[in-house]
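Please walk me through this structure in plain terms. I have not seen it before and would like to know how to read it.

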Amino acid sequence: MRVDGSCRVHGAGRWLRGVMDQAEIAAARPAPLARHALEDARARMQETGQWHPLQSMGRRWNMGCVALEITQRCNLDCTLCYLSDHSEAVKDIPLAEVFRRIDAIHAQYGPGTEVQVTGGDPTLRERSELVRIIRHIRARGMQPNLFTNGIRATRDLLAELAQAGLADVAFHVDTTQERKGTTNEASLNPLREAYIARARGLGLRIVFNTTVHDGNLAEIPEIAAFFARHADAVSLASFQLQAETGRGVAGGSAGLVSMPRVIGQLQRGLGARISFDTPLAGHADCNRHALTLVADGAVLDLYDDKRLLAEMLDATADLKFERMPPWQGAWRFLGRLARRPGLAPLLLPWAARKAWGFRGALWRTRGRAHRLAFFIHDFMDAGHLCRERIGACIFMVQTAEGPISMCLHNAKRDAFILQPLELPGVGWWDPLTGQGRVAPPPAVAAPALSPKTARGRRRIEIRHQARA
Ligand code: SF4
């Protein structure tokens, strides 16, 4: 279990300090509908001591992203899976409920919101339904992202989803998945390359998710170097730190995995000092973000001038560069520069310094460079949820009742997925049978698990029992 400083100090109000106890976790409910999501986000950053000139939450964004879990089923059994013991035993929520949740996300956070279509693995859902889900999110003006282990994400499917409006595909590939024939992270590189080839040229932003755990921390430099070598296709390399949550057999880190260590390993692999100390969104103990340019293997840090970043954020708070084509972003940015002449004396010398430092690589590539972003996300152990971080959370899961912090959701997942759903005009839907009923079903009872439905720790226990 990792104990971080934010549970003890920071400028947060008294009620936000310390760790949530079991009764508090059990009583926690999703957020009610916010009429002013941007102001609400700003207030949360202020209350939790995270409001500063480099904070984009409450300035540019009202939420980081919202996970829409369209199935609880998965075709892998990761050693650090965040799903719960009973996930595999519940049916997929009805399509009408998925659409209702998409509309609720839109009502809460508005157009432009990033919606992670996830699970389980969302590609296990019927293909035509998956396409309709992506289309519905896009029709609401939001950004649909597909989070998948890639096994069923064929090029044909990705092409159809891209047509339907998919913005990003995020492939989860790492050694926690124990894929057949692979022994370490390097042995997964051919698979990563195959996934890149499937998604390349479809107009999708390609993202890779990597769980950092005690067993692969030493290999993080090589993984970072891999993404730098493929920066022509990969836009974002995201790293999630080992946490004791969900059904995975690995549990918490033995103390090896920490934010500073992962940053050190990434810098080693990239061969450059990259600025991860600008927490641009949410809580500094939860999220770190870095932006680089890559040319001919050389990596250039773009977040090293804090004063310039703060000025730029202030001048362009209403623009969402990350979600625009580069030419459009550059054009809008120049427009802002023209309106804020004070920015030019900061920006132009910085740009000149960067171009000079990068001149060799740019010369060799004839001026071609690729943008590569890095993200580190430090999920909390289910038994150690810091109130302050939950208060500043920017990653939500959409439940039937509304959005709730992902860490909190993972700590009490069964309370949501075993809940019968009331579907307007249909009646009650039972998550264990997938059948509708007229009257509300009796109180939720966790189903008995079988070798077919058990995963992670419970699968191993059931196997041992069977052998015994
Ligand atoms: S999901 Fe957890 S780690 Fe991520 S931002 Fe929210 S509170 Fe922080």
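## Overall build

Of the 468 residues in the protein, 43% are buried. The model is a predicted one. The protein contains 16 helices and 14 strands. Its radius of gyration is 22 Å, close to the 23 Å that the globule rule gives for 468 residues, so the protein is as compact as a globular protein of that length. Measured out along the principal axes, the C-alpha trace of the protein spans about 70 × 50 × 45 Å.Contacts can be sorted by how far apart their residues sit in the sequence. Among contacts in the protein with a separation of 6 or more, 76% are between residues 24 or more positions apart.

The next part to look at is a small piece of the chain that forms a sheet. Three strands make up this open sheet, in the order β12-β13-β14, and their pairing is antiparallel. At the edges are β12, residues 421-423, and β14, residues 436-437, each of which pairs on one side only. Strand β13 covers residues 427-429, and three bridges join it to β12 in the antiparallel sense. Within this pairing, Leu423 stands opposite Gly427 of β13.

The edge strand β12 runs over residues 421-423, and this stretch leads to a residue from another part of the chain. Glu97 lies in helix α3, which runs over residues 95-109. Which residues does Glu97 contact, leaving aside its neighbours within four places in sequence? They are Leu421 and Leu423. Along the chain, Glu97 and Leu421 are 324 residues apart, yet their C-alpha atoms are separated by 8.4 Å.

Is Glu97 buried, exposed or partly exposed? There are 18 other C-beta atoms within 10 Å of Glu97. A residue counts as buried at 20 or more such atoms and as exposed at 12 or fewer, so Glu97 is partly exposed.

The last site to visit is the one around the ligand. The ligand is surrounded by 16 residues, and the closest are Cys286, Cys393, Phe395, Met406 and Cys407. Two elements give two or more residues to this shell: α13, residues 387-391, and α14, residues 406-411. By type, the residues of the shell divide into nine nonpolar, five polar and two charged.

Definitions and conventions. Residues are numbered from 1 along each chain as its sequence is written. This is a predicted model: local features need pLDDT of at least 70, side-chain atom pairs count only at pLDDT 80 or more; totals for chains, interfaces and linings use all residues. Helices (H or I, at least four residues) and strands (E, at least two) are DSSP runs, numbered from the N terminus. Two residues are in contact if their C-beta atoms, placed from the backbone, lie within 7 Å. A residue is near a molecule or strand if its C-beta atom, placed from the backbone, lies within 6 Å of it. Ala, Val, Leu, Ile, Met, Phe, Trp, Tyr, Cys and Pro count as nonpolar, Asp, Glu, Lys and Arg as charged, and the others, Gly among them, as polar. The radius of gyration is taken over C-alpha atoms; the globule rule is 2.2 Å times the number of residues to the power 0.38. Two strands pair if DSSP finds at least two bridges between them.
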